[in-house]
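Hi everyone, thanks for making room for me on the agenda. I'll put the structure up and then walk through it.

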Amino acid sequence: MQERVYPVYAGPFDPCPPILCKTYVVPPHLFLGFQPPNLPQFSLPEALKQGTLWPALSSSYCPQERGGN
């Protein structure tokens, strides 16, 4: 699981409605201590779309739309 969630402190006198939990994405390369030999590879067109040659290092990160400025 690449997405992590953490609770945010909401003070009693905060002027805005609190966001009670926030999320962040951990990149997949942090879970590999080293690059194992013979990893499967994407085809070249697919690798250009994914941004990496190896599926093990591909991330499903998609930025979320946020309101405001």
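Before anything else, a bit of vocabulary: a helix here is a DSSP run of H or I at least four residues long, strands are E runs of at least two, and both are numbered from the N terminus. Also, please keep in mind that this is a predicted model.

So, the layout. The protein chain has two strands and one helix, and going from the N terminus the order is β-β-α. Of the 69 residues in the chain, 12% are buried. The chain exposes about 6,200 Å², with 61% of that coming from carbon and sulfur atoms. And if you take contacts between residues at least 6 apart in sequence, 28% of them join residues at least 24 apart.

Okay, let's go to the helix. Side chains of opposite charge can pair when their charged atoms come close. Which residues meet in a salt bridge here? They are Lys49 and Glu46, at 3.9 Å from N to O. That comes in under the 4 Å limit for a salt bridge, and the count for the structure is one. Both residues sit in helix H1, three residues apart, so about one helical turn separates them. As for their surroundings, Lys49 is exposed at 67% relative accessible area, while Glu46 is partly exposed at 25%.

Now move past the helix. H1 covers 44–50, and Thr52 lies in the segment after it. Is Thr52 buried or exposed? It's buried, because its relative accessible area is 13% and the cut-off for buried is under 20%. The Thr52 side chain reaches the backbone nitrogen of Trp54 at 3.5 Å. If we set aside neighbours within four places in sequence, Thr52 is in contact with Phe42, Ala47, Leu57 and Ser58.

That last one is my next stop. Ser58 is also placed in the segment after H1, and Ser58 is buried too, with a relative accessible area of 18%. What does the Ser58 side chain pair up with? That would be the side chain of Gln50, through a polar contact of 2.8 Å. Again skipping neighbours within four places, the contacts of Ser58 are Gln2, Pro28, Phe42, Gln50 and Thr52. So Phe42 turns up on the contact list of Thr52 and on that of Ser58.

Over to the strands. The structure holds one aromatic pair. Tyr6 and Tyr24 have ring centres 6.0 Å apart and planes at 55 degrees, so we call the pair tilted. Tyr6 belongs to strand S1, residues 3–7, and Tyr24 to strand S2, residues 21–25, so this pair ties together parts that are 18 residues apart in sequence. Tyr6 is partly exposed at 37% relative accessibility, and Tyr24 is partly exposed as well, at 40%.

Last thing, the cysteines. How many disulfides does a search of the whole structure find? Zero. Cys16 is exposed, with a relative accessible area of 53%, whereas Cys21 counts as partly exposed at 44%.

To recap: one salt bridge, between Lys49 and Glu46; one aromatic pair, linking strands S1 and S2; and two buried residues after the helix, Thr52 and Ser58, in contact with each other. That's me done, thanks.

Methods: Residues are numbered from 1 along each chain as its sequence is written. This is a predicted model: local features need pLDDT of at least 70, side-chain atom pairs count only at pLDDT 80 or more; totals for chains, interfaces and linings use all residues. Side-chain values use heavy atoms; hydrogens and water are left out. Buried means under 20% relative accessible area, exposed over 50%, partly exposed in between (1.4 Å probe, protein chains only). A polar contact is a pair of N or O atoms within 3.5 Å; within protein, one must be able to donate a hydrogen and the other to accept it, and residues adjacent in sequence count only if both atoms are side-chain atoms. Contact means heavy atoms within 4.5 Å. Rings of Phe, Tyr and Trp (its six-membered ring) pair if their centres lie within 6.5 Å; planes under 30 degrees apart count as stacked, over 60 as edge-to-face and the rest as tilted. Accessible areas come from the Shrake-Rupley method with a 1.4 Å probe; for residues, only the protein chains shown count as cover. A disulfide is a pair of cysteine sulfur atoms within 2.5 Å. A salt bridge is a side-chain nitrogen of Lys or Arg within 4 Å of a carboxyl oxygen of Asp or Glu.
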